[in-house]
Amino acid sequence: LANADPKTVLNAAATAASLDLPINQSLGRAWIVPFKGQAQFQIGYKGFVELAQRSGKYRAINAIEVYENQYEGFDSLEERLIGDFTKTGEGKIVGYAAYFELLNGFRKTVFWSTEKVQQHARRFSKSYTNGPWATDFDAMAKKTVLKHTLSNWGILSIEMQTATLADQAIQPEE
């Protein structure tokens, strides 16, 4: 970050502050990531969970790694992840799942294979080869699937809308 445009660093920090998400790697809520001389604000999956919880609209929300010993399949029509999730995950990770249930009973489950997450990340993430994708792939994969799930089917408060737009963005202006 020392070589990044100071204005973009300040704007990324201001975005984190406005969303009340700490920039602390061990907490996993948000990061400021250098990219081609500029700073990029990124939200972790724990940050999206926190923002959803703050809305008061969610009964449950989660994002997990799915291991080969747990996974049996995914019924995309009924959106059911088929497997035994009482087992401790062992073997390779075959994918990532996000789930939420609203207070009104609406629920959604999304499953992406590891390959689908990798394809998505290569296509859309400027920091795929460095930053959080390189240092904590699982956390970024859970965040990607959760962000997709919430932004397509969840209730997005103004705070969550702002976070979704600001995530992985370089903000040269205030």
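I take a residue as buried when its relative accessible area is under 20%, as exposed when it is over 50%, and as partly exposed in between. The model I am reading is a predicted one.

**Entry 1. Phe 100 and its ring partners**

I looked up Phe 100 and obtained 0% relative accessibility, so this residue counts as buried. For Phe 106 the value is 36%, which places that residue among the partly exposed. I then asked which residues share one aromatic cluster with Phe 100. Tyr 58 and Phe 106 join Phe 100 in that cluster.

**Entry 2. Aromatic pairs**

I counted ring pairs with centres within 6.5 Å. The count comes to six aromatic pairs. One of them is Tyr 96 with Phe 137: the ring centres are 6.2 Å apart and the planes stand at 65°, so I record the pair as edge-to-face, the class for angles over 60 degrees. This pair links distant parts of the chain, since Tyr 96 belongs to strand S6 (residues 93-102) and Phe 137 to helix H5 (residues 137-153), with their positions 41 residues apart in the numbering. Tyr 96 has a relative accessibility of 1% and therefore counts as buried. For Phe 100 and Phe 106 I noted centres 6.0 Å apart and planes at 50°, so that pair is tilted.

**Entry 3. A charge over a ring**

Over which ring does the charged end of Lys 108 sit? I found it over the ring of Trp 153, 4.1 Å from the ring centre.

**Entry 4. Helix H5 and Lys 143**

I next checked the length of H5. The helix has 17 residues and spans 24 Å from its first C-alpha to its last, close to the 24 Å expected at 1.5 Å a residue. I listed its buried residues, among them Ala 139, Met 140, Ala 141, Val 145, Leu 146 and Leu 150. The list also includes the lysines Lys 142, Lys 143 and Lys 147.

I followed Lys 143, which lies in H5. Is this lysine buried or exposed? Its relative accessibility is 1%, so Lys 143 counts as buried. I then asked which backbone oxygen its side chain reaches. The side chain of Lys 143 comes to 2.9 Å from the backbone oxygen of Ile 43.

**Entry 5. The hairpin of S1 and S2**

Ile 43 led me to strand S2, which runs over residues 38-43. Five of the six residues of S2 are buried, and the strand is mostly covered. S2 pairs with S1 in the antiparallel sense, over six bridges. Within this pairing, Pro 34 stands opposite Ala 39 in S2. The hairpin has two residues between the strands.

**Entry 6. Positive phi outside glycine**

Where does Lys 36 lie? I located Lys 36 in the loop between strand S1 (30-35) and strand S2 (38-43). Its phi is near 50°, a positive value in a residue other than glycine. With a relative accessible area of 74%, over the 50% cut-off, Lys 36 is exposed.

I recorded a further case at Glu 79, where phi is likewise positive and near 50° in a residue other than glycine. Glu 79 is in the loop between strand S4 (71-75) and strand S5 (80-83). Its relative accessibility is 25%, so I enter Glu 79 as partly exposed.

Technical notes. Residues are numbered from 1 along each chain as its sequence is written. This is a predicted model: local features need pLDDT of at least 70, side-chain atom pairs count only at pLDDT 80 or more; totals for chains, interfaces and linings use all residues. Side-chain values use heavy atoms; hydrogens and water are left out. Helices (H or I, at least four residues) and strands (E, at least two) are DSSP runs, numbered from the N terminus. Buried means under 20% relative accessible area, exposed over 50%, partly exposed in between (1.4 Å probe, protein chains only). Two strands pair if DSSP finds at least two bridges between them. Rings of Phe, Tyr and Trp (its six-membered ring) pair if their centres lie within 6.5 Å; planes under 30 degrees apart count as stacked, over 60 as edge-to-face and the rest as tilted. A charge sits over a ring if NZ of Lys or CZ of Arg is within 6 Å of the ring centre and within 35 degrees of the ring normal. A polar contact is a pair of N or O atoms within 3.5 Å; within protein, one must be able to donate a hydrogen and the other to accept it, and residues adjacent in sequence count only if both atoms are side-chain atoms. The expected span of a helix is 1.5 Å times one less than its number of residues.
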